[in-house]
Amino acid sequence: SGADTWVLLTTPTPTVRAIATAKALNWKPDTLVINSVSNTDSVMQAAARSAGADFVNGAVSSGYLKNPTNPTYARDAAVRQYRSIMSRFGGGADANNTFHYYGVAKAYDFVRLMYLAGKNPTRNSLIRATAHMNWINPFTIKGIRIKTGPQDRFPISQMKLIRYNNGTWSEFGPLLKGR
């Protein structure tokens, strides 16, 4: 078709398979866009093993969490806290797997919600709390606020563009509205 842009809206395993298939077909788009579900270092490293780093380097996506494998965040307090949590409670799991980082970031929000739900939380108090989220999650990219309201149930509405190169995703450009 002459297509020069490929947008993959796939989960991790199909993402790796699709990239390997494109390589086998000898087709490399100028622009590769990966959805946020598959934009982890581990998924892209698997894709690079299947298709070569030159195929996946330069891919773009959107992100709202800090990347714990990116050297930019090596001394970041939240990333250091994450690594401490993984060391203490991770049971030997790979702290460089960004799916674990995602879990810790979401756990932070859940704990905040439980406090908002009150001393004796109920299902209803937790649901009410989800309509009053308004905080900075230290595991998110600077400037992103977790916020909901009675008419807005989407807690994350900001993001940054990220680009994959040589084994890790890095942010570029300004903070964007995600809707």
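Helices and strands are named here as DSSP runs, numbered from the N terminus, with at least four residues for a helix (H or I) and at least two for a strand (E). With these names, N166 falls in the loop between β6 and β7. The model described is a predicted one.

The protein chain contains six helices and seven strands. Read from the N terminus, the elements follow the order β-α-β-α-α-β-α-α-α-β-β-β-β. Along the principal axes, the C-alpha atoms fill a box of roughly 60 × 40 × 30 Å. Of the 179 residues in the chain, 37% are buried. Contacts that span the sequence can be put in numbers too: among those between residues at least 6 apart, 56% join residues at least 24 apart.

The interior is a good place to start. In soluble globular proteins, nonpolar side chains tend to be buried together. In this model the largest nonpolar core has 20 residues. W6, I19, L32, I34, F55 and V56 have the most contacts inside this core. Which elements give two or more residues to it? They are β1 (5–8), α1 (12–24), β2 (31–34), α2 (41–51), α3 (53–56) and β6 (158–165). Helix α2 gives the most, with six residues.

I19 shows how the pieces of this core meet. Leaving aside neighbours within four places in sequence, I19 is in contact with W6, L8, L32, I34, A47, A51, F55 and V56. A second core, separate from that one, has 13 residues, and these include A95, V104, A105 and I141.

Two of the helices pack against each other further along the chain. Helix α5 covers residues 98–116 and helix α6 covers residues 123–130; their axes come within 8 Å and cross at roughly 115°. The crossing of α5 past α6 is right-handed. On the α5 side the contact is made by F110, L113, M114 and L116, and on the α6 side by L126, A129 and T130. By class, this contact has six nonpolar residues, one polar residue and no charged residues.

T98 is also in helix α5. Is T98 buried or exposed? T98 counts as buried because its relative accessibility is 13%, and the cut-off for buried is under 20%. Apart from neighbours within four places in sequence, T98 is in contact with T40, D41, N67, P68 and T69.

Some of these residues appear again around T168. T168 is in strand β7, which runs over residues 168–177. With a relative accessible area of 12%, T168 is buried. Not counting residues up to four places away in sequence, T168 touches D41, N67, T69, N70 and R163. Two of its contacts are polar and run between side chains: one joins T168 to D41 at 3.3 Å, and the other joins T168 to T69 at 3.1 Å. D41, N67 and T69 are thus among the residues touched by T168 and are also among those in contact with T98.

The loops hold residues in contrasting settings. The loop between α1 and β2 contains P29 and also N26. P29 counts as buried because its relative accessibility is 4%. Outside the four places on either side in sequence, P29 touches D4, T5, W6 and F55. Of these, W6 and F55 are among the residues with the most contacts inside the largest nonpolar core. P29 and A3 are 26 residues apart along the chain, yet their C-alpha atoms are separated by 7.0 Å. N26, by contrast, counts as exposed because its relative accessibility is 73%. The phi of N26 is near 65°, a positive value in a residue other than glycine.

N166, the residue named at the start, has a positive phi of about 50° although it is not a glycine. Where does N166 lie? It is found in the loop between β6 and β7. N166 is exposed, with a relative accessible area of 67%. Strand β6 on one side of this loop is one of the elements that give two or more residues to the largest core, while strand β7 on the other side holds the buried T168.

Technical notes:
Residues are numbered from 1 along each chain as its sequence is written. This is a predicted model: local features need pLDDT of at least 70, side-chain atom pairs count only at pLDDT 80 or more; totals for chains, interfaces and linings use all residues. Side-chain values use heavy atoms; hydrogens and water are left out. Axes are lines fitted to C-alpha atoms, for helices over the stretch in contact, and angles run from 0 to 180 degrees between N-to-C directions. A crossing is left-handed if the near helix is turned anticlockwise from the far one by less than a right angle, and right-handed if clockwise. Contact means heavy atoms within 4.5 Å. Ala, Val, Leu, Ile, Met, Phe, Trp, Tyr, Cys and Pro count as nonpolar, Asp, Glu, Lys and Arg as charged, and the others, Gly among them, as polar. A nonpolar core is a set of buried Ala, Val, Leu, Ile, Met, Phe, Trp, Tyr and Cys residues joined through side-chain atoms within 4.5 Å. Buried means under 20% relative accessible area, exposed over 50%, partly exposed in between (1.4 Å probe, protein chains only). A polar contact is a pair of N or O atoms within 3.5 Å; within protein, one must be able to donate a hydrogen and the other to accept it, and residues adjacent in sequence count only if both atoms are side-chain atoms.
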